[in-house]
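Trainee: Please choose one part of this molecule and take me through it closely, with each technical term explained where it first appears. I should then like to see how other parts compare in their description.

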Amino acid sequence: MGKYAEDAKELLRLVGGKENIAAVSHCMTRMRFALVDPSRADVKGIEAMKVVKGSFTQSGQFQVIIGNTVADFYNDFVKAAGIEGVSKDAVKQAAKKNQNVLQRIVTALAEIFAPLIPAIITGGLILGFRNCIDSLYLFENGTKTLCDISQFWSGIDSFLWLIGEAVFHMLPVGICWSVTKKMGTTQMLGIVLGLTLVSGQLLNAYAVAGTAAADIPKWDFGFVKVNMIGYQAQVIPAILARLLWFIWKNFSERSHRR
């Protein structure tokens with residue numbers, strides 16, 4: 001008998017019993033449940049337990065706050081329930097059936113952008129630092145920037161733009177890769193699609209405003225002309241392009257099977 005055996009049995013009863021648990025896991029301080037029927041959980045009863053610090057529902061998961069001893073509690077709980085624990089990712093997948101359409105869309109978008117956050121933060125810091133050294137007129141009575149009076153900082157400014165441009169101008173590449181990873185399809189094809197959206201053959205999106213309409217390159221198909229403009233730093237076109245490709249691919253495969 002573990003230290004939390006009785007509390008574990010009580011929590012099992014209050015969440016609706018073994019048959020109401022689709023999956024269970026834990027993190028640093030919380031028990032994470034994917035419940036078959038969340039309405040069967042006695043929230044007030046659970047929060048009244050001495051061992052419980054609180055509870056809440058997030059992204060379809062019913063989470064019970066235990067504290068730093070959650071690992072020991074979890075071990076006693078799975079023994080009392082006679083079930084096997086799973087990973088947090090498995091609980092997330094099981095909990096999706098408890099989400100409405102809007103919640104599923106938000107969750108999908110969050111999972112797409114989460115891997116890109118470190119790069120976006122890095123790019124933002126770089127661009128912010130560049131603005132400080134090449135756009136703030138703090139020297140010689142407010143007439144010059146740090147880059148204007150120092151060749152070293154001017155070189156740093158130029159070099160950092162290499163990284164900043166890669167992060168934001170090439171953002172569709174990361175978006176297409178992340179969408180492909182989320183869908184479980186060939187990630188290299190996602191990268192290729194992203195590179196196509198920012199190809200050097202296309203007019204850079206940032207240069208469109210300064211280009212005369214007559215000078216914008218076009219594909220001429222005879223019956224219609226299409227402007228050759230890139231999608232630098234844009235998110236929605238990359239997501240839509242990848243989703244359309246995925247739908248077309250699946251439709252083609254089903255048609256072929258028939």
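Mentor: Two strands are said to pair if DSSP finds at least two bridges between them. Helices (H or I, at least four residues) and strands (E, at least two) are themselves DSSP runs, numbered from the N terminus. The model is predicted, so local features need pLDDT of at least 70 and side-chain atom pairs count only at pLDDT 80 or more, whereas totals for chains, interfaces and linings use all residues. Residues are numbered from 1 along each chain as its sequence is written, and side-chain values use heavy atoms, with hydrogens and water left out.

The part to examine is the sheet. It is open and consists of four strands in the order β1-β2-β4-β3, with antiparallel pairing. Strands β1 and β3 stand at the edges with a single partner strand each, so one side of each has no neighbour in the sheet. On average, neighbouring strands of this sheet are turned by 20° against each other, direction ignored. As background, strands of a sheet pair through backbone hydrogen bonds, either parallel or antiparallel.

Let us follow the sheet from one edge to the other. Strand β1 covers residues 21-26 and strand β2 residues 30-35; the two run antiparallel and are joined by five bridges. One of the residues in these bridges is I21, whose partner in β2 is L35. With three residues between them, β1 and β2 form a hairpin. Next, β2 is joined to β4 by four bridges, and these two strands also run antiparallel. Here R30 has I65 in β4 as its bridge partner. Finally, β4 (residues 61-65) is linked to β3 through five bridges, again in antiparallel fashion. In that pair, G54 is the bridge partner of I65 in β4. Residue I65 of β4 is therefore a useful one to locate on the display, as it is the bridge partner of R30 and of G54.

How enclosed are these strands? A residue is buried under 20% relative accessible area, exposed over 50% and partly exposed in between (1.4 Å probe, protein chains only). In β2, five of the six residues are buried, so this strand is largely enclosed by the rest of the structure. On the edge strand β3 (residues 54-58) lies S55, which counts as buried because its relative accessibility is 16%. Contact means heavy atoms within 4.5 Å. Not counting residues up to four places away in sequence, S55 touches V43, E47, F62, Q63 and V64. Its C-alpha is 9.3 Å from that of M31, a residue 24 places away in sequence.

A helix also covers part of the sheet. Axes are lines fitted to C-alpha atoms, for helices over the stretch in contact, and angles between N-to-C directions run from 0 to 180 degrees. Helix α3 lies across β1 and β2 and runs at about 150° to β1. Helix α3 (residues 70-81) also packs with helix α1 (residues 5-14), their axes being 8 Å apart and at an angle of about 60°. Angles under 35 degrees count as roughly parallel, over 145 as roughly antiparallel, 65 to 115 as roughly perpendicular and the rest as oblique; α1 and α3 are therefore oblique to each other. The crossing of α1 and α3 is right-handed, a term used if the near helix is turned clockwise from the far one by less than a right angle, with anticlockwise being left-handed. The residues that meet are A5, D7, A8, K9, L11 and L12 in α1 and F73, D76, F77, A80 and A81 in α3. By class, this contact has eight nonpolar, no polar and three charged residues. Nonpolar here means Ala, Val, Leu, Ile, Met, Phe, Trp, Tyr, Cys and Pro, charged means Asp, Glu, Lys and Arg, and the others, Gly among them, are polar.

For a second helix pair, turn to α9 and α10 (residues 187-197), whose axes come within 7 Å and cross at roughly 155°. This makes the two helices roughly antiparallel.
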